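This report introduces the structure shown below to a reader who has not met it before. It proceeds by topic under short headings.

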Amino acid sequence: MQNVSIGFRFVVPAVLSMVAQIAAADVSLTLGEQDFADASTPTTGDFLTAGSGESSPFNGVFSGSDVTGPNFSASWTFSYAPQSPVLGASLTLGIYDHESAAAGNQVASFKLNGIDLTIELNSLFESRGGASREDNVYVLTLPGTTFASLGTGTAAFELSLQGPGLGLFGETPFNGAALDFSTLNVITRDVTPTPVPEPASGALMSMALLGLAVTRFRAPRR
């Protein structure tokens, strides 16, 4: 007698078709363009030329002066559709000649929508880089205290530096710098794949097992 396996052929694909719930609604916005790689050391002229024509304050304009002052100060804003819920976020920042390798703390103030993140950014700056005329790219993980504010669709950043900076003859009283680019990433859904059975998967599984049993059964020959 012919082996019966039709049910198995059609049921198994249905059982193996699981729905993966994966995030598909992240916000990723960039202001300016990344003109230099992390830890590169372009001349001031090359840095200013590379950023020319980009959006302010990422347009190659130097803010402040190490010797005569004032200190660097800049602000920039990301605008996007309101998001809910916000489950995570990060800010990537390319900055030139910020000289965090000098003594003390070079971040005077850093805020997101008025939320003080000075300690977080200063710790990141102090962790590496920051030599004179060095361009560094830092990624700051934004804390949960910022999520509600980020959900409004506006992320306004304010950054001010302070001396000492670094000059040809040692430390300087002020700290000028320039921004290369900035990227904001906002995570709005769980990114962990979660297999979810299709409706009536229990019944389908039972049918699959039955189909498998049928394929292994052969009627006795007469």
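Which residue in β11 is the bridge partner of L91? The partner is L184. The model in which this pairing is found is a predicted one.

## The sheet containing β11

L91 and L184 belong to an antiparallel pairing of β4 (residues 88-96) with β11, which extends over nine bridges. These two strands are part of an open sheet of four strands, arranged in the order β2-β11-β4-β7 with antiparallel pairing. At the edges of this sheet stand β2 and β7 (135-141), each of which pairs on one side only. From one strand to the next, the twist averages 10°.

The remaining pairings of this sheet can be described in turn. Strand β4 is joined to β7 by seven bridges, and the two run antiparallel. Here L91 appears again, standing opposite L140 in β7. Strand β2 (residues 27-32) pairs with β11 in the antiparallel sense over six bridges, and S28 stands opposite N185 in β11. Strand β11 itself (residues 178-187) is mostly covered, with eight of its 10 residues buried.

## The sheet containing β5 and β8

Another open sheet is formed by four strands in the order β3-β8-β5-β6, again with antiparallel pairing. Strands β3 (73-79) and β6 (115-116) stand at its edges; each has a single partner strand, so one side of each is left without a neighbour in the sheet.

Within this sheet, five bridges link β5 (residues 107-112) and β8 (residues 154-161) in the antiparallel sense. Across this pairing, F110 stands opposite L159 in β8.

Helix α3 (residues 118-127) lies across β5, β6 and β8. The direction in which α3 runs is at about 125° to β5.

## Helices on the sheet of β4 and β7

Seven bridges between β4 and β7 were noted above. Helix α2 (residues 44-51) packs on the sheet to which these strands belong, touching β4, β7 and β11. The direction of α2 makes about 50° with that of β11. Helix α3 also packs on this sheet, where α3 touches β4 and β7. Its direction makes about 135° with that of β7.

## The loop residue A102

Where does A102 lie? A102 is in the loop between β4 and β5. Is A102 buried or exposed? With a relative accessible area of 5%, A102 is buried, because a residue under 20% counts as buried.

Not counting residues up to four places away in sequence, A102 touches P164, G165, L166 and E171. A102 and T172 are 70 residues apart in sequence, and their C-alpha atoms are 9.2 Å apart in space.

## The largest pocket

Rolling a probe the size of a water molecule over the atoms shows where empty space is left. In this model, the largest pocket holds about 230 Å³ of space. Fourteen residues line the largest pocket, and the closest to its centre are D66, S132, R133, L166 and G167. L166, one of these, is also among the residues that A102 touches.

How many residues of the lining are nonpolar, polar and charged? The lining of the largest pocket divides into four nonpolar, six polar and four charged residues.

Terms used. Residues are numbered from 1 along each chain as its sequence is written. This is a predicted model: local features need pLDDT of at least 70, side-chain atom pairs count only at pLDDT 80 or more; totals for chains, interfaces and linings use all residues. Side-chain values use heavy atoms; hydrogens and water are left out. Two strands pair if DSSP finds at least two bridges between them. Contact means heavy atoms within 4.5 Å. Axes are lines fitted to C-alpha atoms, for helices over the stretch in contact, and angles run from 0 to 180 degrees between N-to-C directions. Buried means under 20% relative accessible area, exposed over 50%, partly exposed in between (1.4 Å probe, protein chains only). On a 1 Å grid over the protein atoms alone, a cavity is a set of points where a 1.4 Å probe fits but cannot get out, and a pocket is an open set with protein on both sides within 12 Å along at least five of seven lines; lining residues have an atom within 4 Å of a point. Grid points are joined across faces, edges and corners, and a volume is the space filled by probe spheres set on the points. Ala, Val, Leu, Ile, Met, Phe, Trp, Tyr, Cys and Pro count as nonpolar, Asp, Glu, Lys and Arg as charged, and the others, Gly among them, as polar.
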